[in-house]
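Work through the exercises below with the coordinates open. Each task is followed by a solution in steps.

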Amino acid sequence: MYSAPFEYHAPATLSEALALLGQYGDEAKVLAGSQSLVPLMKLRLAQPAHLVDLRKVDGLTGVREAQGALLIGALTTHAALASSELIRAKLPMAAEAAGQIGDAQVRNLGTIGGSLAHADPSADWPAVLVALDASVVVAGPRGERTMKVEELIVGPLSTALEPGELLTQVRVPLPPARTAGAYEKLPNPASRFAIVGVAAEVSLDSRNAVQWARVAITGLAPKVTRAAKVEQALQGKAADASTVKAASARAAEGLELRPDLTGSAAYKTQLAAVYTERAVLRAVSRARER
Amino acid sequence: MRIRQRPSSAALRQSTTKRFRWQLGDKAATDKAFSGAAKVVKQSFRNHRLIPNAIEPRSALASANPGTGEVTLWVTSQNPHVHRLIMAAFVLGLPEHKLRVISPDVGGGFGSKIFIYPEECVVTWASRALSRPVKWTAERRESFLADAHGRDHYSDAEMALSADGRILGLRVKTVANMGAYLSLFAPCIPTYLYGTLLAGAYQTPTIHVEVTAVFTHTTPVDAYRGAGRPEATYLLERMVDLSAAELGMDPLEIRRKNFIPKEKFPYQTPVALLYDSGNYAGALDKALESFDYPAFRKEQEQARKRGRYLGVGFSTYVEACGLAPSQVVGSLGAQAGLYESATVRVHPTGKVSVFTGSHSHGQGHETTFAQVASDELQLPIEDIEIVHGDTGQVPFGMGSYGSRSAAVGATALYMGTQKIKEKAKKIAAHLLEANEADVVYEGGKFSVKGSPARFKTFGDIALMAYLAHNMPKNLEPGLEAISFFDPGNFVFPFGTHVCVVEVVRDTGEVKVLRYLAVDDLGRVINPMIVDGMVHGGVAQGVSQALWEHAEYDENGQLITGSFMNYAMPHADDLPSIEVGRTETPTPVNPLGVKGAGETGTIASTAAVANAVMDAISPLGVRHIDMPLTPGRIWEALRGH
């Protein structure tokens, strides 16, 4: 289907973009990589009267290191992140997750900021960025604010962004020594979204015990969820295979799992456990080398 | 969302919506074979519904000319003449000669574009009513919902065996879901193209199959790549594996024991077909040259000790294609002949246009048919043009489906070239002042046997045919021939497909590690094109086994109506497909060709399913219905 008619705007600066959003309010939608919004528009599930395309706005792409964090422009594509030397060296989990999003076409156009702002409950970035304790920078009519990705995503296709606000940057704190993450995903064979995706970031002490772990799961619940029980069960423990297995068995605790074409609730509980175990084990082995 | 509970096949057979019951084979003899059998193996199968998903959605553009009363319809059709005939004579009541149907390069069909759909008729009617062009193009979502679907069988199968693994009989009861209406060829698919193939590669002495067709609130089901034959092959090859397992035999041992030996061709099966030629053990041997079976079994055993579940599946299939002898289909009730036509038009300059009734929607006839014409006429391939898909240019044709283009269409073309050569030879003999019997045609030149220096080229003859200044007495000018080929039998490709998988115990995930296809397609015209057909067919068949699934909810809503939830295979889901061939020409046509378009789909689904079941065989599960998704495998293994 063709989309409903709309007016297209291509601002060159952030302030112009914010002004357009201010002017059109609810009638405007922000276009980043077009991989989520445009399909919705073609199905007429979204019918914005105004489309504000951010792709000509300067300064919204690229990765740089500053203030102990990696600063990622919101319009940086998944492909650029998967191949970024900086990301691969400092945040291998993020690079491997970026390389598994959708397919090559989606990765070449889709952006990290667009994915977060869209907040699909099966998207990969929310899990990875929650595990990495990342924040987002939000520009709005009253200036800038930052919030944790965990606070940004409030439900399926729903975020804490206020009308008129733009997500401009993702900030990922650089992990300390002996800390690393891994992302494990079972893709839906049709959509390549995660049936389950588990991002685990693990920090080890000098005796290889787990100082802390952050484990975030996408795909199973209405929004990305921390596996708090797993994190607690790992904390302070030697990161051996049996400990990880026992801890991971609790991955789906507290999640409201719904059966669908991909499997029953019991199967999803099993997937959560297996994929958590895989992610944690790989994160531990990476952390030992860092 | 609630997933619909699957009805049992027994419940469906009682359904008030049943439309017809059909049977084939000797019921009494089959029942007798079962009563005396040492072993009876039973299994129910669900062969689930698929959506064809050709890359180009259906489209139709009609343009009426009020001055002449003609309508031209451009349409995505696999058989434009059949479209014209049915639409003109049976739907719109138009004079057939006033309707021109053009279906040029169509973006894939897989069967779904054989049939007449309402939209094509409506735009044609509307264009006449309005005296304006009217166009309609399906969106992808409409293709999902409204293109004829495929498969959708519920079957109960029983195989009777001797203690040493000889198949004594096969009894099959199938319920075929026709959807809400009968599509154009729908009743043929679960009957003549299904029941007749249940002998497969085996000397099963007696078979009885009973098919109950039912109507449901779903999209009509019709021919989809393989059409009935994948369903038969899946059922039979699974039954052979299940039987081997129950008898404690190796799956290859039971196959070799029951194969029809190559000396027995032509071979009459108990389900109506007369197989043309074959060497089933030869194809298996060829496959085993590339696949070290004993080594795999060792590797499998070692892997199991480490908690890894590898499996191998074989599918030693037979296919019936090259549709079909017109007399046979007529006697079965089809209101159509299934010959094919070709017109070979030699132009005065010696260039050649071939008008074929076969239709190319991705098969590459422009190449393969030109090769046949080029070889026979001994002309450079650039001098041959293949024209198809236009009722205004091609005299008549039955189109492409059922892997019939090479076996029937290219044979018609071959026959046309023989007529051209015969007439050209008469003209050459006249010009060379020689006896026709002494004239030979070599390297594009006619000469008298023994004196090659004096010759006339093909171009010389073509020019003379049109100048007609010096023609043999009583020979008409011009150089053009039309041929119709009506085959005396189907052709029967066969082969061995081997699939190696790993099943992950904890999650039910399946990885296809290796896929080897050894096919015998008779003589091959273009190996590269055939390799491509095999690759595509295998991908589609693997995809049915593992991913694709059209699912309705309990309210009759299609819940797999987009590429977001209907899983098509991605290139990175599949291993590099290894292709091998043996070559047993068919005596049915002078080219010796069988068919290549559907073998991959027909063979591969069973190979994959057998491989998955082999992998998990130590875990105590004998069968899981397709699609073999991780969730379904894991559920089946739960508690084992």
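The model is predicted. In chain B, B:Gln378 comes just after helix H11(B) and has a positive phi of about 55 degrees.

**Exercise 1.** Compare the expected span of H11(B) with the distance between its end C-alpha atoms.

Solution. Helix H11 of chain B covers residues 365-377, which is 13 residues. The rise is 1.5 Å a residue, and the expected span multiplies this by one less than the number of residues. The result is therefore 18 Å, and the end C-alpha atoms lie 17 Å apart, which agrees.

**Exercise 2.** Decide how far H11(B) is enclosed by the rest of the structure.

Solution. Count a residue as buried when its relative accessible area is under 20%. The buried residues include B:His365, B:Phe369, B:Val372 and B:Leu377. In total 10 of the 13 residues are buried, so H11(B) is largely enclosed.

**Exercise 3.** Describe the open sheet of chain B and the helices that contact it.

Solution. Start with the order: 4 strands are arranged as E5-E4-E3-E6, with mixed pairing. Strands E5 (99-102) and E6 (134-137) are the edges, each pairing on one side only. From one strand to the next, the twist averages 10 degrees.

Next, take the E3-E6 pair: the two strands run antiparallel and are joined by 4 bridges. Within this pair, B:Leu61 is opposite B:Lys135.

Finally, add the helices. Helix H3 (residues 80-92) of chain B touches E4 and E5, and its direction is at about 145 degrees to that of E5(B). Helix H4 (residues 118-130) of chain B lies across E3, E4, E5 and E6, at about 25 degrees to E3(B).

Note on methods
Residues numbered from 1 in each chain as written. Chains lettered and ligands numbered in written order. Predicted model: local features only at pLDDT ≥ 70, side-chain atom pairs only at ≥ 80, totals over all residues. Heavy atoms only, no water. Pairing = 2+ DSSP bridges. Axes fitted to C-alpha atoms, helices over the stretch in contact; angles between N-to-C directions. Contact = heavy atoms within 4.5 Å. Buried < 20%, exposed > 50% of the residue type's maximum accessible area, 1.4 Å probe, protein only.
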